[in-house]
Amino acid sequence: MALKDTLLRVFTWWNGQTVSLALQTARTGIFVGEDEFGNKYYKAEGALIDRSVGSERRWVVYNGYADASKVPPGWRGWLCHNVDLAPSEENYQPKAWQKPHIENQTGTPNAYRPAGSQLSWGQRPAATGDYVSWTPGE
């Protein structure tokens, strides 16, 4: 590993896993599965967050930049304890109405820009006349 990569792992949290997460994963992590984006999912070996609730600790090691929108819906449900079985442990098939997962496009040229937005292309729609401006003293 290059010096630059080592320094990035020590001093940044948004470029994959940090050194402390790598140590935690090596010490107590059980590999559960990997998604189509290369993110790896782990659960803690017998360590419960709260014994009265019974929730186990679960986490993701992102492939590259850490962005929560990179987690597909099936894995998101598992991470949030909405489902007990990870998509790798069951035959998860997306429903017909589910769209394929895409990352958050905010701040990119592919971001959603509704009609009338200053950043959208084309003409702004004409005013409909239902707006009455406020004048002081009225």
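**Surface patch, aromatic pairs and pocket of the predicted model**

Helix H1 is the element that gives the most to the nonpolar patch, contributing 4 residues. The structure described here is a predicted model. The nonpolar patch covers about 630 Å² of the surface and is made by Leu3, Leu7, Val10, Phe11, Val19 and Leu23. Two elements, helix H1 (3–11) and helix H2 (19–28), each give two or more residues to this nonpolar patch. Among the residues of the patch, Val19 has its place in helix H2. With a relative accessibility of 37%, Val19 counts as partly exposed, because the partly exposed class lies between under 20%, which is buried, and over 50%, which is exposed.

Aromatic contacts were examined next. A pair of aromatic rings is described by two quantities, the distance of the centres and the angle of the planes. The structure holds 4 aromatic pairs. One of them is formed by Phe31 and Tyr42, with 5.6 Å from centre to centre and 70 degrees between the planes, an edge-to-face arrangement. Phe31 lies in strand E1 (residues 29–34) and Tyr42 in strand E2 (residues 40–50), so this pair ties together parts that are 11 residues apart in sequence. The two partners fall into separate accessibility classes: Phe31 is partly exposed at 45% relative accessibility, whereas Tyr42 is buried, with a relative accessible area of 13%.

A further pair is formed by Tyr41 and Trp75, whose ring centres are 4.0 Å apart and whose planes stand at 5 degrees, so the pair is stacked. This pair links distant parts of the chain, with Tyr41 in strand E2 and Trp75 in helix H3 (residues 73–79), 34 residues apart. Tyr41 is buried, at 0% relative accessibility, and Trp75 is likewise buried, with a relative accessible area of 5%. The assignment of the two pairs follows from the angle of the planes, because under 30 degrees counts as stacked and over 60 as edge-to-face. In addition to the pairs, one aromatic cluster is formed by Phe31, Tyr42 and Trp59.

The analysis of empty space concerned the pockets. Rolling a probe the size of a water molecule over the atoms shows where such space is left. The largest pocket has a volume of about 260 Å³. Its lining comprises 14 residues, of which Glu36, Pro72, Pro73, Tyr92 and Pro94 lie nearest the centre of the pocket. Helix H3 gives the most to the lining of the largest pocket, with 3 residues. Helix H3 thus appears both in this lining and in the stacked pair, to which it brings Trp75.

Charged contacts and backbone geometry complete the description. The structure holds 1 salt bridge. A salt bridge joins the side chains of Glu56 and Arg58, at 3.0 Å from N to O. Arg58 is buried, with a relative accessible area of 14%; the assignment holds because buried means under 20% relative accessible area. As for the backbone, His81 has a positive phi of about 65 degrees although this residue is not a glycine. His81 is found in the segment after H3. With a relative accessible area of 30%, His81 is partly exposed.

Notes. Residues are numbered from 1 along each chain as its sequence is written. This is a predicted model: local features need pLDDT of at least 70, side-chain atom pairs count only at pLDDT 80 or more; totals for chains, interfaces and linings use all residues. Side-chain values use heavy atoms; hydrogens and water are left out. Patches are made of residues with over 30% relative accessible area and no salt bridge: like charges are joined within 9 Å, nonpolar side chains (Val, Leu, Ile, Met, Phe, Trp, Tyr) within 5 Å. Accessible areas come from the Shrake-Rupley method with a 1.4 Å probe; for residues, only the protein chains shown count as cover. A salt bridge is a side-chain nitrogen of Lys or Arg within 4 Å of a carboxyl oxygen of Asp or Glu. Buried means under 20% relative accessible area, exposed over 50%, partly exposed in between (1.4 Å probe, protein chains only). Rings of Phe, Tyr and Trp (its six-membered ring) pair if their centres lie within 6.5 Å; planes under 30 degrees apart count as stacked, over 60 as edge-to-face and the rest as tilted. On a 1 Å grid over the protein atoms alone, a cavity is a set of points where a 1.4 Å probe fits but cannot get out, and a pocket is an open set with protein on both sides within 12 Å along at least five of seven lines; lining residues have an atom within 4 Å of a point. Grid points are joined across faces, edges and corners, and a volume is the space filled by probe spheres set on the points.
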